[in-house]
Amino acid sequence: MPFIAKGAKPRIRIGQLGSRHAHASGKLAAIRKLSGDFELVGVAQPREEAESPIPGSAAYRGVKQMSEEELFATPGLQAVAIETEVPHLVAAAKRAVGAGLHIHHDKPGGTTLGDFRELLRLAKRKGVTVQMGYMLRYNPAFQFMYRAVRDGWLGKIMEIDGMMGKMASASLRRELGRYPGGGMFELACHMVDSVVHLMGKPAKVHAFARRTQGDGVADNQLAVLDYEKATATIRCNHRDPHGFPRRRFQIAGDRGAIEIRPIEPGKLTLSLTEAHGGFGRGTHEVKLPRSNGRYDGEFADLARVIRGEAKLAWSYEHDLAVQETLLRASGMEVK
């Protein structure tokens with residue numbers, strides 16, 4: 001039995017299932033970095049990708065490799081990060097949850113609503129956590145914005161405008177071509193999660209897609225989320241050579257507004273009609289805490305939740321609403 005220093009918290013035994021998600025190596029690096037919270041037992045490929053080799057990049061160097069069955073049979077295993085290809089995410093997650101394990105489920109929630117709903121129902125029955133990998137939840141700029149909206153600094157919200165874009169490589173275009181929802185589905189899901197967190201599930205969703213390159217990929221998209229007294233627009237453009245610095249999220253109410261641009265690293269401008277939280281009336285460039293790493297906040301929070309020190313701020317119901325809204329925003333069939 002490993003020695004635990006007096007007063008130290010026992011580490012959570014965690015594994016990673018899959019390596020072919022776009023965020024897989026970054027998530028594994030975050031787990032390894034947080035060695036005070038986690039004991040990484042190994043990495044396995046899911047049964048759907050069993051023939052795929054584990055990458056040889058730095059994040060995987062020295063990590064024990066095993067089969068899915070060996071991973072789930074590891075004594076004391078408490079959690080698994082699900083990092084498969086998007087079409088296999090939910091099936092792999094169901095097997096982990098069925099084994100009674102907490103999961104970090106990378107984005108998005110699969111390609112259908114019904115399968116994702118079944119996963120959440122199973123997790124509820126098993127009493128385990130499903131943490132979705134929407135990284136902006138833990139971005140310091142977004143956390144500041146969430147607090148400002150929650151505490152009423154901006155008044156009644158009237159409009160939201162968000163954009164995530166990039167210039168897609170040939171390999172990324174092939175990946176996006178697997179989904180009728182294109183880039184809105186694969187990338188702008190982060191934006192949908194934030195809008196639903198702030199505003200709830202929209203009454204209606206209107207999706208617009210353009211396929212500009214002759215390969216059938218939806219690469220220039222707009223979604224309009226319709227609320228009783230507000231609208232939210234989300235753009236996703238995979239032909240944007242300046243996509244990263246132009247990524248933005250703007251929210252305006254009848255008493256104030258926030259603009260986050262660029263999103264990473266977060267730069268936030270706050271405008272108020274009256275003083276709140278130490279900020280006076282007027283426009284302010286807000287100094288934000290420095291982020292330790294793109295994914296560190298996710299896994300630090302997951303550790304707190306598993307230990308019972310905190311409650312996950314995003315409910316099963318929220319995640320289901322995000323999945324439905326995302327499918328509609330992407331012009332995909334909701335089934």
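Let's start in the middle of this predicted model. Its largest nonpolar core has 94 residues, and the members that touch the most others are Met145, Ile258 and Leu270. Helix H5, residues 140–150, supplies the largest share of this core, with 7 residues. Set apart from it is another core, made of 7 residues, including Ala24, Leu28, Ile54 and Val63.

Ile258 is a good spot to look around from. If you skip neighbours within four places in sequence, its contacts are Phe144, Met145, Ala148, Leu154, Phe249, Gln250, Ile251, Leu268, Thr269 and Leu270. Both Met145 and Leu270 turn up in that list, and they are the residues named alongside Ile258 as touching the most other core members.

Now zoom out to the whole chain. The secondary structure adds up to 11 helices and 14 strands. For 335 residues, a compact globule would have a radius of gyration near 20 Å, and the chain comes out at 20 Å, so the two agree. The C-alpha trace spans about 60 × 55 × 35 Å along its principal axes. Of the 335 residues, 53% are buried. If you take contacts between residues at least 6 apart in sequence, 69% of them link residues at least 24 apart. As for the outside, the accessible surface is about 15200 Å², with 49% of it belonging to carbon and sulfur atoms.

Next, pick out two helices, beginning with H3. This helix covers residues 89–98 and is mostly covered, with 7 of its 10 residues buried. Those are Leu89, Val90, Ala92, Ala93, Arg95, Ala96 and Val97, so an arginine is on the list as well, by the under-20% relative accessibility cut-off for buried. What do the buried residues of H3 pack against? Their partners are strand S1 (12–17), helix H2 (68–72), strand S4 (79–82), strand S5 (102–105) and helix H4 (113–126). After H3 comes Gly100, with a positive phi near 80°.

The other helix is H10, residues 296–307. At 1.5 Å a residue, its 12 residues should span 16 Å, and the end C-alpha atoms sit 17 Å apart, which agrees. H10 is also mostly covered, with 9 of its 12 residues buried. The buried set contains Asp296, Glu298 and Asp301, along with Phe299, Ala300, Leu302, Ala303, Val305 and Ile306. These buried residues pack against S1, helix H1 (24–33), S2, S4, S5 and strand S6 (130–132). S1, S4 and S5 are partners of H3's buried residues and of H10's buried residues too. Just after H10, Gly308 has a positive phi of about 80°. For context, most residues other than glycine have a negative phi.

One of H10's partners, S2, is home to Gly42, since that strand runs from residue 38 to 44. Is Gly42 buried or exposed? With 0% relative accessibility, Gly42 counts as buried. Again leaving out neighbours within four places in sequence, Gly42 is in contact with Ile14, Gly15, Gln16, Val63, Lys64, Met66 and Leu71. Val63 is one of the residues in the 7-residue core mentioned earlier. Gly62 is 20 residues away from Gly42 along the chain, and their C-alpha atoms are separated by 9.5 Å.

What about disulfides? A search of the whole structure finds 0 of them. Cys189 is in no disulfide, and the nearest cysteine sulfur, in Cys236, is 8.9 Å away. Why is Cys236 not bonded to Cys189? The distance of 8.9 Å between their sulfurs is too far for a bond, because a disulfide needs the sulfur atoms within 2.5 Å. Both cysteines are covered up: Cys189 counts as buried at 0% relative accessibility, and Cys236 counts as buried at 1%.

Finish with the backbone in the loop between strand S12 (256–260) and strand S13 (268–272), where Pro262 is found. Arg261 and Pro262 are joined by a cis peptide bond, with omega about -5°. Pro265 has its place in the loop between S12 and S13 as well, and a cis peptide bond joins Glu264 to Pro265, with omega about -10°. Most peptide bonds are trans. Ile258, where we looked around earlier, falls within the residue range of S12, and its contacts include Leu268, Thr269 and Leu270, which fall within the range of S13.

Note on methods: Residues are numbered from 1 along each chain as its sequence is written. This is a predicted model: local features need pLDDT of at least 70, side-chain atom pairs count only at pLDDT 80 or more; totals for chains, interfaces and linings use all residues. Side-chain values use heavy atoms; hydrogens and water are left out. Buried means under 20% relative accessible area, exposed over 50%, partly exposed in between (1.4 Å probe, protein chains only). Helices (H or I, at least four residues) and strands (E, at least two) are DSSP runs, numbered from the N terminus. Contact means heavy atoms within 4.5 Å. A nonpolar core is a set of buried Ala, Val, Leu, Ile, Met, Phe, Trp, Tyr and Cys residues joined through side-chain atoms within 4.5 Å. The expected span of a helix is 1.5 Å times one less than its number of residues. The radius of gyration is taken over C-alpha atoms; the globule rule is 2.2 Å times the number of residues to the power 0.38. Accessible areas come from the Shrake-Rupley method with a 1.4 Å probe; for residues, only the protein chains shown count as cover.
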